Amino acid sequence: MRIYLHTDEAGQEWVAFKMAERGGRGSGGHGSLDKSITLPPDEIFRNLENAKRFAIDIGGSLTKLAYYSTVQHKVARVRSFDHSGKDIENEPLYEITVQEEITARLHFIKFENTYIETCLDFIKDHLVNTETKVIKATGGGAYKFKDLIEKKLGLKVDKEDVMTCLIKGCNFVLRNIPHEVFAYQKDSDTEFRFQTNDPNIFPYLLVNIGSGVSIVKVETEDKFEWIGGSSIGGGTFWGLGALLTKTKKFDELLQLASKGQHTNVDMLVKDVYGGAYQTLGLSGNLIASSFGKSTTADKEFSKEDMAKSLLHMISNDIGQLACLYAKLHNLEKIYFGGFFIRGHPVTMRTITYSINFFSKGEVQALFLRHEGYLGAIGAFLKGAEQDNPNQYSWGENYAGSSGLMSTSPDVYPMQRTRSGTFDMLEMDRLERPLVNLPLLKDPSTYIPDTVDLTDDAMARKYWLTCFEEALDGVAKRAAASQPDSMDALERAEKFRQKYWNKLQTLRQQPFAYGTLTVRSLLDTREHCLNEFNFPDPYSKIKQKENGIALKCFHSVIESLDSLDWEERQFALVKGLLAGNVFDWGAKAVSDVLESEPQFGFEEAKSKLQDNSGIDIILGVFPFVRELLSRGTEVILACNSGPALNDVTYSESLIVTERIAAMDPIIQSALKEEKLLLVQTGSSSPCLDLSRLDKGLAVLVRERKTDLVIIEGMGRAIHTNYYAAFKCESLKLAVIKNSWLADRLGGKIFSVIFKYEVPCQ
C-alpha cells in the first residue's frame with residue numbers, strides 16, 4: 001500500500017494629476033476633457049521602475065494597460081548547520097537567513113481614456129529598466145492613439161488582432177484565476193454566484209458585446225472561429241439611446257435604464273390577450289412588442305422608461321442569438337464580455353433573464369470577474385510568446401488587486417468612485433506549475449472550502465471580526481520576527497493598515513476576490529505580509545519548537561514501541577492530534593502559548609476530548625514510522641512556502657535528516673525511496689487540491705497512491721472536509737476555534753477523525 005500524506009504544520013506619497021482643458025483636438029488626434037485626479041502612484045502604477053514589457057488595449061472609453069515587472073522581495077531560507085564533531089545540545093537545529101529574491105509579476109491597470117495622456121506622461125517619467133522598444137496594442141483606440149503613444153513613450157506600437165487577444169486573455173484567466181467565472185443573481189443576498197473552476201476549459205462560446213456582437217466558438221488554446229454575430233449591440237443601445245433621451249454618455253444611459261419601468265413603453269402579452277397566452281405557455285408579463293405602446297399611447301414617455309425598454313430589447317435579442325448558437329454547436333458554457341457588460345447590474349440581469357428564458361433554464365449566462373482585462377492580457381501574451389508564459393502557473397496577488405466592486409450604487413460609494421477611475425489586477429508567477437490532484441473523484445465539481453462566507457452572513461460576520469481582532473497580534477509578531485530591522489515597526493503598521501482596509505472592503509463587498517472563505521482571508525493576509533517584507537514571521541518560533549521536539553523524539557518512540565499493537569495505534573493517533581494543537585493561527589491556542597510558555601506535548605494530549613516542531617516531529621513522524629514499518633510507502637507533502645507556523649518543505653528536509661540519524665526505520669525508508677518528501681506548491685494554511693505542485697501529482701500517479709491523509713484544521717476542516725477521492729481517505733484535526741466547534745456540534749479541542757471509502 002502507498003499513501004499520500006499531507007501535514008499542517010500607510011503613509012504614502014500622493015501625486016496630483018491635472019489635465020488642462022483643450023479646445024480642439026490634441027496630439028494623437030483625440031479630444032480631452034477637464035479632469036483632475038489624485039492618486040498614490042505606488043498603489044496604481046506599482047513597481048513601474050522595474051517594468052520590462054508593455055501592452056495596451058484601448059476601447060471606446062476605457063484604456064487597459066499591461067506590463068511585466070520583476071519584483072524584489074525577501075524570502076526566509078533555512079540551511080542546516082554543520083554539526084560534525086560539535087556538541088549540538090544548545091545549538092539551533094538550522095540557520096535562518098532572509099534573502100532577496102526576484103520574481104515575475106504581471107500588472108493590469110484600467111482607467112478612462114480621458115486620463116491616457118497624463119498616465120503616459122507619468123509612465124514615461126518613471127520608466128527605468130524597460131528592455132523593449134515595442135508596445136503591443138489592441139482595441140479600436142490602438143489606431144486612434146497610436147501617434148500619441150509612440151510620441152510619449154518612445155515605443156513602436158505593434159497592433160494585434162482584437163479577437164485573438166480576447167481569446168488568449170480569456171483562456172489565461174480561466175486557467176489561472178479560481179472563482180473567475182460567476183453568474184449574476186440580482187434578487188439574492190449576494191449578487192455574484194461564483195463557479196467552480198473546471199480543469200477542462202474548452203470548448204466554450206464567447207459572446208463579445210461591443211458596438212456590435214461577435215460570437216466566437218473556442219475549441220482549444222489556438223483554435224477558435226467566428227460563428228456569428230449581430231450589428232445590434234452596445235453601439236445600437238448607445239446610439240438609439242442618445243437619440244431617444246439626448247443622453248450622450250453610455251454609463252448615464254445605463255443609469256437611466258436602471259431607474260425605468262419598461263412596462264410603460266413595451267406592449268406585454270397581457271396587453272394583447274388580456275392575460276397569459278395559455279396555448280403557447282406564455283406568461284402575461286412577457287414582452288410581446290418592444291416599444292409597442294408608443295404606437296397607441298398619446299403621451300410622452302420618460303427617458304428612464306425608454307432607456308429600460310431599449311436595454312431589454314437589445315439584451316433579449318443577444319440572449320436569444322447566443323442560445324441558438326450554443327445549441328447549434330452543442331456548447332454548454334457561454335461567457336459574456338465587452339464594454340456593454342462592464343459589471344453593470346442592469347445589463348447582466350437582462351442578459352441572464354434572456355438566456356434563462358430562451359434556453360428553458362438549460363444554459364446559464366456566465367460573466368468574468370476580469371473581463372475588462374482580456375484584450376490587454378491577450379496583447380501582452382502575444383508580445384511575450386518567446387518567454388512562453390503559459391508554461392507557468394500564475395496566482396492573483398490580493399494585496400495589489402482592487403477586486404470586483406459592488407454593482408449596487410448604495411454599497412461603499414467612495415470605493416465605486418475610485419474604481420470607476422482606476423482598477424488594478426496583479427498576477428504573480430508561481431515557481432512551479434500547478435495541477436489537480438489525480439486522486440480527486442471529480443475535479444470539475446471539487447470545491448476546496450467548507451463554508452462559503454459570501455452566502456453565510458453569520459459566519460462572514462464572525463470570521464471577519466475574528467481576523468480583525470487578531471490583526472494587532474499578527475502585526476506585533478511580524479515586527480518581533482525582525483528585531484534587527486530599523487523599519488520593522490513601520491512596515492508592520494503599514495501591513496496592519498492594508499489588511500484592515502482589505503477586511504473593511506470585504507465587509508461591504510464579500511465577493512471582491514471571488515467566493516469569500518476562511519482560506520481567502522488567510523491568503524490575503526499572507527499576501528499583505530509579503531507585500532511589506534515579512535516572509536516568515538514564525539520562522540524563529542518554528543526553529544525553537546523543532547529543536548525542542550527533536551530532543552524528545554527518541555523517548556516518544558521508545559514509549560510507543562513499549563505498547564502492544566492496539567494501544568500503540570491509539571497513542572499514535574492521539575499524538576498526531578496532540579501535535580496539531582500547536583497552532584499560532586488559532587487565537588485560543590496562541591493565547592495559551594503566549595501566556596504559558598511551558599505548555600508542551602503532554603499538556604496538549606490532555607486537552608483532547610500544526611504545525612512545526614511538535615506536530616511534524618512528535619506527531620507526524622511517529623505515525624509515518626509506523627506505516628513504514630508495515631511496508632507502506634509514504635509521500636510526505638509540506639508547504640512550498642511559509643504560512644503561520646506550518647512546517648515548510650525546506651524545513652522538513654532538515655528535520656527528516658536529523659530524525660533519520662536517530663532512527664534506522666526512517667533512514668532505511670529514505671535510502672530505499674519508500675519515504676519521499678515533496679512540496680505541495682502551496683503557501684497557505686489551507687489546501688486547494690486543484691492547485692497542487694505538478695511534481696507531487698506525477699509522483700502520486702506513478703506510485704499508485706491508494707490512501708490520502710490530510711491533517712490539520714486549515715487543510716482538513718476549513719478546506720477539504722467534503723472533498724471526495726477515488727481512493728480511501730483520512731481527515732483528522734483538532735478544532736481549535738470555539739465558534740467552529742459549536743457550528744459542527746462539538747466543543748473546542750474536539751477531534752475530527754473522518755475515514756472515508758469511495759463509493760463503488
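In which helix does Leu 240 lie? In this predicted model, Leu 240 belongs to helix α6, which spans residues 234–245. Its relative accessible area is 36%; because the range between 20% and 50% counts as partly exposed, Leu 240 is placed in that class. Leu 240 and Leu 310 are 70 residues apart along the chain, and their C-alpha atoms are separated by 8.0 Å.

An open sheet is formed by seven strands, arranged in the order β8-β7-β4-β5-β6-β19-β18 with mixed pairing. The edges are occupied by β8 (156–159) and β18 (394–396); each has a single partner strand, so one side of each is left without a neighbour in the sheet. On average, and with direction ignored, neighbouring strands of this sheet are turned by 30° against each other.

Within the sheet, strand β5 (residues 62–80) is paired with strand β6 (residues 94–112) in the antiparallel sense, and 19 bridges connect the two. Arg 79 stands opposite Glu 95, a residue of β6. Helix α4, made up of residues 146–153, lies across three strands, namely β4 (51–58), β7 (134–138) and β8. The helix runs at about 140° to β8.

A further feature is found at the surface, where Val 751, Phe 753, Tyr 755 and Val 757 make a nonpolar patch of about 370 Å². Of these residues, Tyr 755 is located in strand β26, which covers residues 751–756. Tyr 755 has a relative accessible area of 46% and is partly exposed.

Key
Residues are numbered from 1 along each chain as its sequence is written. This is a predicted model: local features need pLDDT of at least 70, side-chain atom pairs count only at pLDDT 80 or more; totals for chains, interfaces and linings use all residues. Side-chain values use heavy atoms; hydrogens and water are left out. Two strands pair if DSSP finds at least two bridges between them. Helices (H or I, at least four residues) and strands (E, at least two) are DSSP runs, numbered from the N terminus. Axes are lines fitted to C-alpha atoms, for helices over the stretch in contact, and angles run from 0 to 180 degrees between N-to-C directions. Contact means heavy atoms within 4.5 Å. Patches are made of residues with over 30% relative accessible area and no salt bridge: like charges are joined within 9 Å, nonpolar side chains (Val, Leu, Ile, Met, Phe, Trp, Tyr) within 5 Å. Accessible areas come from the Shrake-Rupley method with a 1.4 Å probe; for residues, only the protein chains shown count as cover. A salt bridge is a side-chain nitrogen of Lys or Arg within 4 Å of a carboxyl oxygen of Asp or Glu. Buried means under 20% relative accessible area, exposed over 50%, partly exposed in between (1.4 Å probe, protein chains only).
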